[in-house]
2 protein chains.
Amino acid sequence: MANLELVINDYLPLRDVVYQTLRNAILKGELKPGERLMEMKLAGKLGVSRTPIREAIRMLEQEGLAITIPRHGAQVAKMTQKDMDDVYEVRRALETLAMKYVSGNMTTEQIADLRYAEKVFEEAVADGDSDKIEQKDTEFHMVIYEATGNMRLGSIMTTISEQLSRYRWAYLLHHKQLKQVIDEHRALVDAIESGDYEKCLKATMDHLNSQEEIIKEVIKANN
Amino acid sequence: MANLELVINDYLPLRDVVYQTLRNAILKGELKPGERLMEMKLAGKLGVSRTPIREAIRMLEQEGLAITIPRHGAQVAKMTQKDMDDVYEVRRALETLAMKYVSGNMTTEQIADLRYAEKVFEEAVADGDSDKIEQKDTEFHMVIYEATGNMRLGSIMTTISEQLSRYRWAYLLHHKQLKQVIDEHRALVDAIESGDYEKCLKATMDHLNSQEEIIKEVIKANN
DNA sequence: TTATTGTATTTTGTATACAAGAAAATACAA
DNA sequence: TTGTATTTTCTTGTATACAAAATACAATAA
């Protein structure tokens, strides 16, 4: 099993720390799909009692990252090719909505923020730290979702994007693809700045399609 | 506080029974927005220990129906007018996606199922049992989501629709509006049967818009 | 060999005990 | 009366104990 370690924060309840720890491990693939989440084992590894472990598992379960069968315990949720297709369809619909909100409606300040987020992402790519790349990519997209002003949309998109990140880590390591991601981000910012909805939509779809393509290959390779 | 009672199911862990009980109470408005969810009180009312209560609260929290502040406990989440607008925007985007899937693609059997679900809904309206009306309305829409074949879409839509049901109960009591809901459902089935995407979209949007209108009034009246 | 039964072990489910933090009540001084 | 300590009470957070179910596995019979 993965090597788990808690980063204690004195004021956060242990259940939240445990939740974040397990969640990270799942999203990064350190806890593998199908792997059992046994309470005592996790409690031993993390040096806490079963109570916070159980509460964290309930949270993961609700989020779709774990599946529990009553009296059999929990395991890391599996993600299939079909799941991925479905998630991407939903994402396309919601990214389209996001573009309806932002095209022609972002303030110059928001666009500046977006450009900045894009630059920070490029720097992360230059650094080569995959954790950071992943994080900065998410942040870039979050700037857009926040600009929509629709909090619900933002939170659903965050969930979706994080669930996808279970697979993104794999391809974010390939430098060639990262160059392409940068180009697509730039194209998207340009489109948003132009204020033209159709342009925005095209840039978004291009970005999603190429990402989906690569992730599918990763999943295929993993089975 | 609401009068809670557990419907024990021998094989379901108590946490799940408690979760469903609390969730229902919140969605029906028996537990009011902002109301505190105190562990001992709930445990006493439901005749269980704090452990399953806590796990149920963690699930509600993850679902957005409860908010917990560390060391202060949990309370029923509040829903504002703005929240409602946001949820409806998301729902519109996803219903549009659903229509893309189903228009022209539903089998005769699926359409028959849909007509049947519609009929059952009408019967529920005739009965006047608001719990049943609510349930049959949800089931009608679920037939469509299931026909898309996209499980993710289905589960997100279910969540959204259930969250909205926190307010639907109020207006489902008014007979005049129910007549309109029936008409809209029929129009939607006809549109789907015609296979014309644009017709489907219009029928869906009409349904959503009129629902949103009424719910907004209910919220306004509640504040 | 294959099923089946019984037993030991593991694991989850639930209750409870105790610690610690937050809120409320009380006491006291200005 | 108002403001501030101080104590008390309430509530959450965490650990642990015990019960009950599931599983693993060996012994037995077909």
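Is Cys200(B) buried or exposed, and what is its relative accessibility? In this predicted model, Cys200(B) has a relative accessibility of 0% and therefore counts as buried, since buried residues are those under 20% relative accessible area. For Cys200(A) the relative accessibility is likewise 0%, and this residue counts as buried. A disulfide is a covalent bond between the sulfur atoms of two cysteines. Over all chains of the model, the count of disulfides comes to zero.

The relation between the two protein chains was examined next. In general, two copies of a chain are related by a rotation about an axis and a shift along it. Here, a turn of 180° with a shift of 0.0 Å along the axis lays chain B on chain A, with an RMSD of 0.1 Å. This is the relation of a two-fold axis. Of the interface residues of chain B, 100% are also interface residues in chain A, so the copies meet through the same surface.

The protein surface around DNA strand D draws on both chains, as 21 residues surround the strand, and the closest of these are Leu14(A), Ser49(A), Thr51(A), His72(A) and Tyr11(B). When the residues of this surface are sorted by class, eight are nonpolar, five are polar and eight are charged. At least two residues each are supplied by helix 1 (14-27) and helix 3 (50-63) of chain A, and also by strand 1 (36-37) and helix 3 (50-63) of chain B. The element that gives the most to the surface near DNA strand D is helix 3 of chain A, with three residues.

On the side of the nucleic acid, 70% of the atoms of DNA strand D within 4 Å of the protein belong to sugar or phosphate, while the rest belong to bases. Several polar contacts to phosphate oxygens of the strand can be described individually. A backbone N or O atom of Ser49(A), which is among the closest residues to DNA strand D, lies 2.6 Å from a phosphate oxygen of this strand. In the case of Arg15(A), an N or O atom in the side chain is 3.3 Å from a phosphate oxygen of DNA strand D, whereas for Arg71(B) a polar backbone atom is 3.2 Å from a phosphate oxygen of the strand.

Within chain B, Glu39(B) is found in helix 2 (residues 39-46). Glu39(B) has a relative accessible area of 18% and is therefore buried, because the limit for this class is under 20%. Apart from neighbours within four places in sequence, Glu39(B) is in contact with Arg50(B), Ile53(B), Arg54(B) and Ile57(B).

Methods: Residues are numbered from 1 along each chain as its sequence is written. Chains are lettered from A and ligands numbered from 1 in the order in which they are written. This is a predicted model: local features need pLDDT of at least 70, side-chain atom pairs count only at pLDDT 80 or more; totals for chains, interfaces and linings use all residues. Side-chain values use heavy atoms; hydrogens and water are left out. Helices (H or I, at least four residues) and strands (E, at least two) are DSSP runs, numbered from the N terminus. Buried means under 20% relative accessible area, exposed over 50%, partly exposed in between (1.4 Å probe, protein chains only). Contact means heavy atoms within 4.5 Å. A disulfide is a pair of cysteine sulfur atoms within 2.5 Å. A residue is near a molecule or strand if one of its heavy atoms lies within 4 Å of it. A polar contact is a pair of N or O atoms within 3.5 Å; within protein, one must be able to donate a hydrogen and the other to accept it, and residues adjacent in sequence count only if both atoms are side-chain atoms. Ala, Val, Leu, Ile, Met, Phe, Trp, Tyr, Cys and Pro count as nonpolar, Asp, Glu, Lys and Arg as charged, and the others, Gly among them, as polar. Copies are superposed by least squares on the C-alpha atoms of residues with pLDDT of at least 70 in both.
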